[in-house]
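I opened this notebook to record what I looked up in the structure. The entries are kept short and follow the order of my queries.

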Amino acid sequence: MLLDSYDTEDLFDEMFDGGREVRPHYQLLRERLDTMSREELDQKIKNLETLFIRQGITFTVYGDQRGTERVFPFDPIPRIIPADEWQIIEDGLVQRITALNLFLYDVYHERKILRDKVIPEEVVLSAAHYRPEFVDVDVPRDIYIHICGTDLIRDRDGSYLVLEDNGRCPSGVSYVLENRMAMKRVFPNLFGSAGVRSVDSYAADLLGTLQYIAPHAKPDPVCVLLTPGHYNSAYFEHSFLARQMGIEIVEGRDLIVVDGYVYMRTTRGLLQVDVIYRRIDDDFLDPKVFRKDSMLGVPGLVEAVQRGNVALANAIGTGVADDKVTYAYVEKMIKYYLDQDPILKQVPTFLAWDEKDRGYILDHLPELVVKAANESGGYGMLIGPKASKEEIEKFRQLIIANPRNYIAQPVVYFSRHPTLTDGTVEGRHVDLRPFVLSGERTHILPGGLTRVALKKGSIVVNSSQGGGSKDTWVLHPPRK
Amino acid sequence: MLSRVADNLYWMARSIERAENLARLMQASTELLLDSETLGSRYLNDYWDPILIATAMEEHFRELYPNGTAADVGPFVTLNEENPHSITMCLRDARESARTVRDQISDEMWTELNDLFLFITSRATNSLFQRAPQNVYDRIIQGSLLFHGITDATLARTEGWQFIQLGKYLERADKTSRFLDIRVHGGPDGTSLDSIQWTSILRSASAFGTYRIEVGGEPTAEGVIDLLVFSMDFPRSIRFCVREIDHLLHRISGSPAGTYCNTAEREAGRLLATLNFNGNGEILERGLHDYMDDVQKVLNTIGQSIFETYVLLPQDQLRLTFIPSSEQQQLRWQVLQQQQQQQ
């Protein structure tokens with residue numbers, strides 16, 4: 001039996017409790033796994049990989065001359081979340097996204113929260129992604145972050161903590177949908193009567209969200225997905241989502257701005273575009289306003305947005321809300337705007353920007369995780385307990401040179417999950433990225449991307465750094 | 001439909017059709033060589049030159065293999081990734097084009113094309129090619145035919161389909177005309193070829209079986225020209241392809257048959273009329289090479305005009321504040337920007 005020699009090593013494990021008993025919501029899975037031999041499982045995994053390669057479900061590894069495409073490693077043992085736990089996550093995420101959107105509106109309008117000194121003004125105004133061009137510009141329905149991917153981890157006692165909010169161009173949702181498709185095809189008998197909630201509605205909900213923000217509430221708006229191009233690591237996802245929604249996937253050169261309106265070039269001439277789901281960073285959107293050397297953008301796009309002739313999802317300037325320094329204040333935001341206690345806690349954060357915190361950080365580097373405020377993908381990060389002396393010194397200098405750009409957190413304990421390794425099943429650290437859509441109402445995809453650090457002991461789950469993923473099952477509430 | 005999408009669909013189809021035709025040409029030529037062992041080594045060395053010329057690869061070949069021999073031609077045309085026109089590179093182009101328009105084609109089309117690409121770039125194929133090149137060519141031909149068949153069975157007959165067909169037929173007409181030309185290149189006409197060589201040309205165009213049924217007897221210049229240039233029914237004849245092109249162009253623009261609203265339509269209509277009213281007499285009188293040369297020129301004009309009419313971006317979009325100095329730098333810069341980290 002695959003799980004017989006499994007050892008939780010006294011860490012919080014998703015499948016087994018402290019007494020090494022299987023948790024109730026994993027019972028059925030365990031029984032099904034026990035009926036499978038290792039050979040059978042290996043064969044199925046091979047089938048899965050062939051399926052992914054044939055369908056081109058791959059991401060591109062950068063820094064590789066030939067632009068090698070790799071399959072995002074997939075672990076077939078699903079992560080299961082019971083209905084009551086999911087309810088807490090869902091409530092917490094709705095609360096959080098509501099506060100973040102109110103915060104963004106406030107920052108770009110009255111700035112009440114800054115005037116009331118709940119958040120220091122300089123933190124916001126010095127954020128790399130703060131966009132003064134959008135002060136006093138209204139965006140449709142006052143929504144800034146329409147698509148958010150919030151990373152959650154579990155503390156030692158199993159409570160969910162927010163690790164970061166990704167409110168610019170979060171990626172990964174296509175893997176959620178493809179993983180589910182693959183699991184159904186290769187492990188149909190694992191599902192059985194497990195009562196797993198479907199993830200099929202995501203594309204329809206996303207399209208609904210985009211249509212909701214059409215300028216002047218235009219009926220039947222033309223929506224497009226703007227991609228940096230097929231060299232981008234997430235290109236597969238861009239084309240996958242466009243196909244699922246039945247909208248065009250466009251590159252910057254397919255769009256043109258005439259008299260403040262955006263059009264796409266078609267074989268039949270120009271066609272007006274109302275909503276753009278953009279997967280390009282602010283910096284590259286419009287060479288007339290942001291980076292002059294951008295070859296991906298559309299000259300004049302920002303003006304079209306400012307004039308309210310086209311809507312962007314996510315809006316320009318949301319990076320100020322998912323800045324890792326701003327992160328430290330989200331709990332205060334929730335209190336300030338909603339007068340509620342945060343449902344989901346977050347990781348204690350020290351700000352190098354603050355003199356007292358900085359002193360603490362510099363004194364405790366070997367114990368802390370240091371992160372650059374605006375990086376993603378697991379880059380620009382120091383994991384103190386695992387770093388060499390040289391790396392620690394390098395970060396010390398970086399922090400001193402540019403304190404605004406760094407934060408530090410105590411090492412957090414990701415939960416572990418049984419994961420197939422060469423020859424056996426072992427515990428590997430996992431996180432969870434649920435996807436939140438804010439439109440007419442807030443949709444949370446029941447599931448999300450469970451990323452797993454495949455290297456033993458590692459807590460870096462990013463695909464670019466040796467991470468894989470699991471199908472994530474959110475269960476229907478048990479029938480009364 | 002987005003102009004860029006139309007362009008990519010067109011080139012996807014052209015590239016895969018090109019790979020298929022190259023594979024068939026190589027297959028037929030290798031077989032012909034086996035029948036011609038008595039011809040002597042001088043002939044052997046000259047044997048591949050016309051093939052390299054007809055496929056526009058001669059210059060690259062001399063560059064990569066300054067002392068190249070007949071044995072180098074097969075790997076060069078088939079698998080070499082430094083030869084931008086090799087079969088592998090055609091399939092790479094086809095797949096890249098397909099990748100950028102995946103949302104517009106069926107899953108089955110993508111999977112087949114991706115499979116074929118994974119096959120041609122695999123290490124196993126490399127060693128298979130050393131042992132049994134014919135098996136590799138078989139797989140390429142089969143893959144392309146399968147792709148076209150899947151397209152036929154799974155794709156709606158909308159504009160995208162029309163651009164795919166345009167790419168396919170333009171490439172096919174061009175290649176048929178080049179195959180006819182290969183053995184007569186440099187000679188005064190086609191009459192001096194023997195029936196073995198005509199057979200090889202027929203095989204290159206997958207037409208040998210049809211020839212036996214429709215014409216019969218030992219292949220002759222007149223018979224081959226009738227089938228490969230003028231047949232109304234054989235799907236690889238030039239006339240058949242041009243008729244399809246003419247029809248597709250009118251479907252796309254909506255202008256009535258017999259009229260034209262752009263250069264592509266005018267040139268296609270004119271070429272079709274010529275083919276409708278000419279016969280093998282005109283070709284043999286003028287010389288096969290000259291006649292085919294003219295056909296290829298018109299096909300090029302049609303391709304160019306399709307691009308100008310439906311794809312070309314107005315100049316204003318290209319006016320950037322930042323202009324990279326060389327094309328290579330531009331490409332590198334673009335790749336770098338596209339690779340921005342996603343959250």
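The entries below turn to a sheet in one chain, then to the other chain, then to the contacts between the two.

Entry 1, status of the model. I note at the outset that this is a predicted model.

Entry 2, the sheet. I looked up the strand order in chain A and found an open sheet of four strands, ordered S14-S17-S15-S16, with antiparallel pairing. Strands S14 (350–351) and S16 (381–383) of chain A each have a single partner strand and stand at the edges, so one side of each lacks a neighbour in the sheet.

Entry 3, one pairing in detail. I then followed strand S15 (residues 368–372) of chain A, which runs antiparallel to strand S17 (residues 406–410) of chain A and is joined to S17 by five bridges. For A:Lys371, I found the bridge partner in S17(A) to be A:Ile407.

Entry 4, chain B. I counted secondary structure here and obtained 19 helices and zero strands. Chain B has 343 residues, and 43% of them count as buried. Among the contacts in chain B with a separation of 6 or more, 68% are between residues 24 or more positions apart.

Entry 5, the contacts between chains. Which helices of chain B supply at least two residues each of the side that touches chain A? I first recorded that 31 residues of chain B are in contact with 43 residues of chain A. The helices in question are H1 (3–35), H6 (87–100), H7 (107–120) and H19 (327–338) of chain B. By residue class, I recorded 11 nonpolar, 14 polar and six charged residues on the side of chain B that touches chain A.

How values were computed:
Residues numbered from 1 in each chain as written. Chains lettered and ligands numbered in written order. Predicted model: local features only at pLDDT ≥ 70, side-chain atom pairs only at ≥ 80, totals over all residues. Pairing = 2+ DSSP bridges. Buried ≥ 20, exposed ≤ 12 C-beta atoms within 10 Å, placed from the backbone. Contact = placed C-beta atoms within 7 Å. Nonpolar A, V, L, I, M, F, W, Y, C, P; charged D, E, K, R; others polar.
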